[in-house]
Each structure stands twice: as C-alpha cells, then as structure tokens.
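Here are some exercises to work through with the model open beside you. Try each task before reading its solution.

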Amino acid sequence: MNNQLNIFGENNLLPFDGEAYLYDNFFAAEESDQLLEQLQTTISWKQDYIKMYGKQLPLPRLTAWYGDEGKTYAYSGIINIPLPFNTCLAAIKERVEAFTKHRFNAALLNFYRHEKDGMGWHSDDEKELGSNPVIASFSFGGSRNFQFKHKTEKKSTITITLNHGSLLLMKGSAQHHWLHQLPKTSKAIAPRINITFRQIQ
C-alpha cells in the first residue's frame, strides 16, 4: 500500500447524513496493474439478468460474488451464492481489514467492460448488510466518475473520480440517506473492475 495516501482520504466527502472517504492511491500503480490482470483472469465472471418491463435484460456489466460459506446475498431479484475467496481477493481483503480495522466476509465484484457499462442509482441497504454497513470499494482499471445523490435533498449531488488503485470507504448512515451510481458515458474508457467488500450478517 502506498503510504502517501491522497489527502481526500482525510475528509468526509458527504456534507451531512453519512460518511465517505476517498483514498486515491491506496495501491500504487505497479501493484494495481498486477491486481487488475489477476482479477480479469482468475475471477469467475458471469452475466446476470434483471426483469424490467416484462423482459429479462442483461445487466450492463459482468458480476461475481465471493465470500465465506453461507454468506448469500440478494439484490434486484438476483440471488448470489458465494464462491470461496481466491488468493488475489484474500490478499486485498487482508490489506483493507488491516487499514480499516473492520472485518469483511464477502465481496461483490463488477466488471465494467467499456463506457456503455454502468450502474444506476441505488443504495447498499439490503437487510443482510446490517443497519450501518461499512463498505470498502476498490477500483482497478479505467477511471470512472462516481456520483452521490441525497435521497431527500435532491440538489445535493456529488461527483468524484475513481482512479486505478483507489479505495472509496462508505460508512455510518450513508446508505440510509444517499444513493450512488456509476453512470454510463459516451467517452471511450478502458475496462474497470470494482470490488466492494461487505460484512454480511
């Protein structure tokens, strides 16, 4: 881990109702390159589908779910049975647990293959995550814009850039009060892999 963490990590990105901290260079460039290659080749990626307007439509990204035995996770009608952590994921998990002093037992991975892949507004507020979940979100690959929007104060929208090797840590009441998304774009962007470590109750 690069000891010279970005100063953004010292400041709460959310002005109220929750906490979010960005550590822009949690992993240095060379190690980030290695982890990106390992994640692309060792993760069991799958194409999930969601029912909308009476049709089964593919999610605009590939996904994977890893975790301790029995840590099943459901969202948008998709039930995820965990695969055991592989060596790469276990190493990343160990690093973030040492940094945050928080234990994680599962990880959702998303593979955004290009700029037309994305994720719409949502909160990570499923009951399996507990009341005030701590979520550690890593980015590897192409830089993407990421947005927060308050659930009631609609004008309170925040846009940040998630770069290669960065960590976004969300905690406190953030999931109660804020939505977040990774918008699609028309600008060509290199593939990006996102890992969100969670604690499933």
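**Exercise 1: Phenylalanine 197 and its surroundings**

Phenylalanine 197 counts as buried because its relative accessibility is 0%; buried means under 20% relative accessible area, exposed over 50%, and partly exposed in between, using a 1.4 Å probe and protein chains only. Before going on, note that this is a predicted model, where local features need pLDDT of at least 70 and side-chain atom pairs count only at pLDDT 80 or more, while totals for chains, interfaces and linings use all residues. Residues are numbered from 1 along each chain as its sequence is written, and side-chain values use heavy atoms, with hydrogens and water left out.

Task: find which element holds phenylalanine 197 and which residues it touches.

Step 1. Phenylalanine 197 sits in strand 14, residues 192-198. Helices (H or I, at least four residues) and strands (E, at least two) are DSSP runs, numbered from the N terminus.

Step 2. Setting aside residues up to four places away in sequence, the residues that phenylalanine 197 touches include Phe85, Leu89, Ile92, Lys93, Phe104, Val134 and Phe138. Contact means heavy atoms within 4.5 Å.

Step 3. Lysine 93 is 104 residues from phenylalanine 197 along the chain, yet their C-alpha atoms are separated by 7.5 Å.

**Exercise 2: The sheet and its helices**

Task: work out the strand order of the open sheet of 6 strands, then see which helices lie across strand 14.

Step 1. The order is 1-12-9-14-7-4, with antiparallel pairing. Two strands pair if DSSP finds at least two bridges between them.

Step 2. Strand 1 and strand 4 (62-67) are at the edges with a single partner strand each, so one side of each has no neighbour in the sheet.

Step 3. Strand 14 pairs with strand 7 (residues 106-112) in the antiparallel sense over 7 bridges. Here tyrosine 112 stands opposite arginine 192 of strand 14.

Step 4. Helix 1 lies across strands including strand 14, and runs at about 95 degrees to strand 9. Helix 2 (residues 87-100) also lies across strand 14, running at about 55 degrees to it. Axes are lines fitted to C-alpha atoms, for helices over the stretch in contact, and angles run from 0 to 180 degrees between N-to-C directions.

**Exercise 3: Aromatic pairs and the core**

Task: how many aromatic pairs does the whole structure hold, and which residues of the largest nonpolar core touch the most other members?

Step 1. The search finds 15 aromatic pairs. Rings of Phe, Tyr and Trp (its six-membered ring) pair if their centres lie within 6.5 Å; planes under 30 degrees apart count as stacked, over 60 as edge-to-face and the rest as tilted.

Step 2. Phenylalanine 16 and tryptophan 178 make a tilted pair, 5.8 Å centre to centre with 40 degrees between the planes. Phenylalanine 16 precedes strand 1 (19-23) and tryptophan 178 is in strand 13 (residues 178-182), so this pair ties together parts 162 residues apart in sequence.

Step 3. Phenylalanine 26 and phenylalanine 138, by contrast, form an edge-to-face pair at 5.4 Å and 70 degrees. Both of these phenylalanines are buried.

Step 4. The largest nonpolar core has 30 residues, and Leu109, Phe138, Ile195 and Phe197 touch the most other members. A nonpolar core is a set of buried Ala, Val, Leu, Ile, Met, Phe, Trp, Tyr and Cys residues joined through side-chain atoms within 4.5 Å.

Step 5. Helix 2 gives the largest share of this core, 4 residues.
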